[in-house]
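This briefing is meant to be read with the sequence and the coordinates at hand. Please keep both open while working through the topics below.

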Amino acid sequence: MKEVTAVPGATGALVGSRTHSADGTVLQPISISEARIIRDQVLNAGGSATRSIYPGDDAPDTLHLGAFVDGQLAAVATICCESMPVTSNAGQWRLRGMATLKEFRRLGLGKRLAEACMAYAADHWGTLLWCSARVTTLRFYRGLSFQEQGESFQLPEYSDEVYILMRRALP
Ligand SMILES: CC(C)(COP(=O)(O)OP(=O)(O)OC[C@H]1O[C@@H](n2cnc3c(N)ncnc32)[C@H](O)[C@@H]1OP(=O)(O)O)[C@@H](O)C(=O)NCCC(=O)NCCS
């Protein structure tokens with residue numbers, strides 16, 4: 001597991017360092033390889049492992065976060081600095097690789113990870129957060145104040161899923 005280090009300049013409660021909650025869940029930065037293990041199981045079941053490697057994964061300001069329950073990595077999320085397609089504005093961050101193992105879903109882990117990623121982006125001069133959301137997870141993202149943008153689309157080289165861009169302003 002990656003050593004826990006505070007992110008310089010971070011002020012958000014969940015950002016960059018290990019955080020515990022009353023139920024014993026621990027949120028902390030993880031390595032790329034830890035994130036990819038969960039991506040492989042949840043987002044890429046049966047697919048080539050290269051599909052779990054995303055551009056920007058190893059950028060210095062990219063953050064991979066994990067939620068640990070009783071010491072087990074149960075959910076992951078990644079936040080990286082990247083403009084939305086067809087835009088070139090600064091301050092745009094992308095939330096991706098959101099994945100919670102089946103047995104740990106609906107426990108609030110995804111929401112907590114996404115909120116921690118938002119805090120990280122806001123702390124790094126982010127003004128907008130976006131993602132390519134599977135339409136099956138619209139309710140999850142709407143609950144985090146994301147709104148759909150444009151038409152749905154598919155990425156046949158990647159999966160059979162239908163996606164839609166979603167965005168929200170950062171405070
Ligand atoms: C989407 C995903 C990451 C959500 O993770 P999670 O840890 O279960 O999410 P949470 O428990 O924090 O849920 C937060 C809220 O979203 C809702 N929600 C979560 N997943 C949902 C779903 N699939 N459909 C509808 N609502 C959902 C929850 O009910 C919860 O609402 P509440 O706060 O009112 O109870 C998880 O379901 C997952 O890994 N799915 C498969 C991979 C995937 O599709 N990832 C997203 C790629 S874009």
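The notes that follow move from the overall fold to the sheet, a helix, the ligand shell and a few individual residues.

The model is a predicted one. Its secondary structure amounts to three helices and eight strands, and from the N terminus these elements succeed one another as β-β-α-β-β-β-α-β-α-β-β. The radius of gyration of the protein is 15 Å, close to the 16 Å that the globule rule gives for 171 residues, so the protein is as compact as a globular protein of that length.

**Overall dimensions and contacts**

- Taken along the principal axes, the box filled by the C-alpha atoms is roughly 40 × 35 × 30 Å.
- Of the 171 residues in the protein, 31% are buried.
- Among contacts with a separation of 6 or more, 63% are between residues 24 or more positions apart.

**The sheet**

- The eight strands form an open sheet with mixed pairing, in the order 1-2-3-4-5-6-8-7; strand 1 (19-20) and strand 7 (147-154) stand at its edges, and each has a single partner strand, so one side of each is left without a neighbour in the sheet.
- Strand 2 and strand 3 run antiparallel and are joined by four bridges, with Leu65 in strand 3 serving as the bridge partner of Pro29.
- Strand 3 also pairs with strand 4 in the antiparallel sense, over seven bridges, and here Gly66 has Val76 in strand 4 as its bridge partner.
- Strand 3 and strand 4 make up a hairpin with two residues between them, and Asp70 in that turn has a positive phi of about 50 degrees.
- Strand 3 is largely enclosed by the rest of the structure, because five of its seven residues are buried.
- Further along the sheet, strand 6 is paired antiparallel with strand 8 (residues 162-169) over seven bridges, and Trp130 stands opposite Arg167 in strand 8.

**Helix 2 and its surroundings**

- The 15 residues of helix 2 (residues 109-123) should span 21 Å at 1.5 Å a residue, and the end C-alpha atoms of the helix are 21 Å apart, which agrees with that expectation.
- The buried residues of helix 2 are Leu109, Gly110, Leu113, Ala114, Ala116, Cys117, Met118, Ala119, Tyr120 and Ala121, and what covers them includes strand 2 (26-29), strand 3 (63-69), strand 4 (72-81), strand 5 (92-100), strand 6 (128-134) and helix 3 (138-142).
- Cys117, which has its place in helix 2, counts as buried because 29 C-beta neighbours lie inside 10 Å.
- Leaving aside neighbours within four places in sequence, Cys117 is in contact with Leu63, Leu65, Ala77, Ile79 and Leu95; the C-alpha atoms of Cys117 and Ala77 are separated by 7.7 Å, although the two residues are 40 residues apart along the chain.

**The ligand shell**

- The ligand is surrounded by 20 residues, of which the closest are Thr100, Arg105, Gly110, Lys111 and Arg139.
- By character, the residues of this shell divide into nine nonpolar, six polar and five charged.
- Strand 5, helix 2, strand 6 and helix 3 each supply at least two residues of the shell.

**A buried arginine in strand 5**

- Arg94 is found in strand 5 and is buried, with 22 other C-beta atoms within 10 Å, where the cut-off for burial is 20 or more.
- Apart from neighbours within four places in sequence, the contacts of Arg94 are with Cys80, Glu82, Trp130 and Cys131.
- The C-alpha atoms of Arg94 and Ser145 are separated by 15 Å, and these residues are 51 residues apart along the chain.

**Loop residues with positive phi**

- Arg106, found in the loop between strand 5 and helix 2, has a phi near 60 degrees, a positive value in a residue other than glycine.
- With 9 other C-beta atoms within 10 Å, Arg106 is exposed.
- Trp125 follows helix 2 and lies in the loop between helix 2 and strand 6; its phi is likewise positive, near 65 degrees, in a residue other than glycine.
- Trp125 counts as exposed because 12 C-beta neighbours lie inside 10 Å, and a residue with 12 or fewer is classed in that way.

Technical notes:
Residues are numbered from 1 along each chain as its sequence is written. This is a predicted model: local features need pLDDT of at least 70, side-chain atom pairs count only at pLDDT 80 or more; totals for chains, interfaces and linings use all residues. The expected span of a helix is 1.5 Å times one less than its number of residues. Two residues are in contact if their C-beta atoms, placed from the backbone, lie within 7 Å. A residue is near a molecule or strand if its C-beta atom, placed from the backbone, lies within 6 Å of it. Ala, Val, Leu, Ile, Met, Phe, Trp, Tyr, Cys and Pro count as nonpolar, Asp, Glu, Lys and Arg as charged, and the others, Gly among them, as polar. Two strands pair if DSSP finds at least two bridges between them. The radius of gyration is taken over C-alpha atoms; the globule rule is 2.2 Å times the number of residues to the power 0.38.
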